[in-house]
Amino acid sequence: MKKTALALASVALLGGAFLAGAWFAHRASPAGGASARKVLYWVDPMHPAYRSDRAGIAPDCGMQLEPVYEDGATPAGDGPPRAAGAVTLPAGQQQLLGVKVAAVERTRAAQAVRLYGRVAAQETRTFTVNAALEGAVREVSAASTGSRVRRDQWLATVFAAEARAPLQAYITALDVMDRDPAMRREAGVVVAAGTTASSSALYTVERLRAIGVSQRQIDEIRRTRHIPNTLEVLSPVDGIVLERNVSAGQKFDKGFTWFRIANLDRVWVVADVFENEAPLVRAGMAARVLVPQQGRALTAKVAEVLPQFDPATRTLKVRLDVENPGLLLRPEMFVDVEVSVELPEATAIPVDALVDSGLRKTVFVERAPGEFEPRAVETGWRFGDRVEVTRGLAPGDRIVVSGTFLVDSESRLRAAANGVYGAAAKDPVCGMEVDEAKARAGGKVVHRGGHDVFFCSDACKARFEKAPERFEAAASPAPAKPAL
C-alpha cells in the first residue's frame, strides 16, 4: 500500500515538473515556439518601415505583423517584399489549371498583314473627253456609264461653228505644202519667216487636235480636202465609261465634259492600314490581292503609303498597283489584301500571356518556382499570336503563357486582400505596392519628373520629399525604346 502511494506520488511529481518546464519554456520563448531567440520588434511584411513593439495586425494593409529576431532574421527571409497580387501555385496545381511558363526571347519574324481594300481606276489612266469649243450634239452612241469601249470607237457627233476656220487653215496649209517653192513664188504665196510649208501644216494639225478633231478625221480631211460639217467624238483608249453627260440635241459650252473613260488594264487598290502597322508597310513591297467572291488572287506591289489620315477609321491609306487581266477588278469593288512584312527583332511574347484591361497591360512573371507576380508592361506591334513588349520585360524572364486568366483572377483576389483594388504602383521608399486611386484620394502622391509618384503612407511621402534624389531610380519609369 505504501509502495503504491509512493509510486503515485513520484508520477505526480514528475508530471508537475514536466508541466512547469513546458510552461517556463513557453514563457521564455517570445515567439511562442521552440526557439528561444529574442524578438526585437514586429514589422509589416509589405511595409518593412513600419515597426511595432507587439504582435498584431498592420494598420495600413491589414496583414499579420511578423517578428524580427535579435539575429536579424524574419520568417519570410531577407528577400524583397512580395507584390500585392503575387500568386503561389505548386507544380501539381499548375498542371491541373493548365498553367504553362516559358522564357521571354528576342525574335525576328515575317508576318502577313491583312488589309481591307477598294478598287479604284488609276488617275494616270483616266481620260476626260470634253469640248474645246461651244456647239451642239447631233448624234450619240449607245455607250453609257459602265459600258466597255475600244480605242477610236465612235461615241458622238457634234457641231461647232468655230471649227471651220482651223479646218480651212489646215486645207490651205496642205495646198501650200504640196506646191514646190517655184510654184509658190509664181503664185505669190509667202511662207512666214522662220517656218516652212511642212511646219505650218504640222501647226494646223496640232490646232485641230486642240479643238477635238480626231486623227482619223484629220487623215480623212487630208485625203479628200473637204471640210466636214460635224466633228466625230472618239474614245481615246480601251476602257470603261465612268461618266456620260451627253444626249442628242444638247448644247454645250467650251470645256464641257462629254465622257470620262478609264483604262483598267492596271488599277489601284486603296487599302486601310492602322497607324501602328503603317510604318511596317513600305513602297515596293510585294502583295497579293484576293477576290473572295471569285476565288482568285492577283500579284500586286505597294506603290505608296498616303499621308492622309482618316479620323473616322483611324487608318492611313495604302495604294497598291495591280495588273488586271480580263478586267477581273472593277472600280469600287471590295477586295482583301495581304502584304508580307518582316518584323524587326524585338522582345515578343504570345498574345495569351498578356492581360489587357484597356488602361493597363500586365504579364505574370515567375519570381521563384511556383511563385508569380503581376508586372505592368508596354507593348508595340501586334501581329497574329505575338505582341511586342517595349518596356517591362527582358530576355530570359519567365512568364505565364497559358492559363493567364486563372492566374489573373487569383492575383486580383490576393491584391484585394492586401488593400489594392485598382492599378498598383510601387512606393519608391519602402517598395510596397499601393493602390493608385487610394493613394491619390489620400493625398499620398507627388508629381516629379513628368509623372506621379505614389506612397503608402505620409511617412514615406515625407522621406521622399526630404531627399528625392535618394529614391530617384525607383521613382522614375524606365525609358522606353522605340516600338519599331
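## A barrel, some rings and two odd loops

Start with strands 7, 16, 19, 18, 17 and 20: taken in the order 7-16-19-18-17-20, these six strands close into a barrel with antiparallel pairing. Look at how the neighbours cross: in this sheet, adjacent strands are turned by 40° against each other on average, ignoring direction. Keep in mind as you click around that this is a predicted model.

**Stop one: a pair of strands.** Select residues 296–310 for strand 18 and residues 315–323 for strand 19. The two run antiparallel to each other and are joined over seven bridges. Want one bridge to zoom in on? Pick Val-305 and look across to strand 19, where its bridge partner is Val-318.

**Stop two: a charge over a ring.** Now show Arg-319 and Trp-268 as sticks. The charged end of Arg-319 sits over the Trp-268 ring, 4.0 Å from the ring centre. Arg-319 falls within residues 315–323, so to speak back on strand 19.

**Stop three: the aromatic pairs.** How many aromatic pairs does a search of the whole structure find? It turns up three. One of them is Phe-252 with Trp-258, an edge-to-face pair with 5.2 Å centre to centre and 85° between the planes. Are Phe-252 and Trp-258 buried or exposed? Both are buried.

Next, select Phe-455 and Phe-464, another aromatic pair. Here the centres are 5.1 Å apart and the planes make an angle of 50°, which puts the pair in the tilted class; planes over 60 degrees apart would count as edge-to-face. Phe-455 and Phe-464 are both buried too.

**Stop four: positive phi without glycine.** Jump to Asp-152, in the loop between strand 10 (148–149) and strand 11 (154–159). Check its backbone: phi is positive, about 65°, although Asp-152 is not a glycine. Asp-152 counts as partly exposed because its relative accessibility is 41%, and that class lies between the buried limit of 20% and the exposed limit of 50%.

Then move along to Arg-225. Which elements flank its loop? Helix 6 (215–224) comes on one side and strand 12 (231–234) on the other. Arg-225 is another residue other than glycine with a positive phi, this time near 55°. With a relative accessible area of 31%, Arg-225 is partly exposed.

Notes:
Residues are numbered from 1 along each chain as its sequence is written. This is a predicted model: local features need pLDDT of at least 70, side-chain atom pairs count only at pLDDT 80 or more; totals for chains, interfaces and linings use all residues. Side-chain values use heavy atoms; hydrogens and water are left out. Helices (H or I, at least four residues) and strands (E, at least two) are DSSP runs, numbered from the N terminus. Buried means under 20% relative accessible area, exposed over 50%, partly exposed in between (1.4 Å probe, protein chains only). Two strands pair if DSSP finds at least two bridges between them. Axes are lines fitted to C-alpha atoms, for helices over the stretch in contact, and angles run from 0 to 180 degrees between N-to-C directions. Rings of Phe, Tyr and Trp (its six-membered ring) pair if their centres lie within 6.5 Å; planes under 30 degrees apart count as stacked, over 60 as edge-to-face and the rest as tilted. A charge sits over a ring if NZ of Lys or CZ of Arg is within 6 Å of the ring centre and within 35 degrees of the ring normal.
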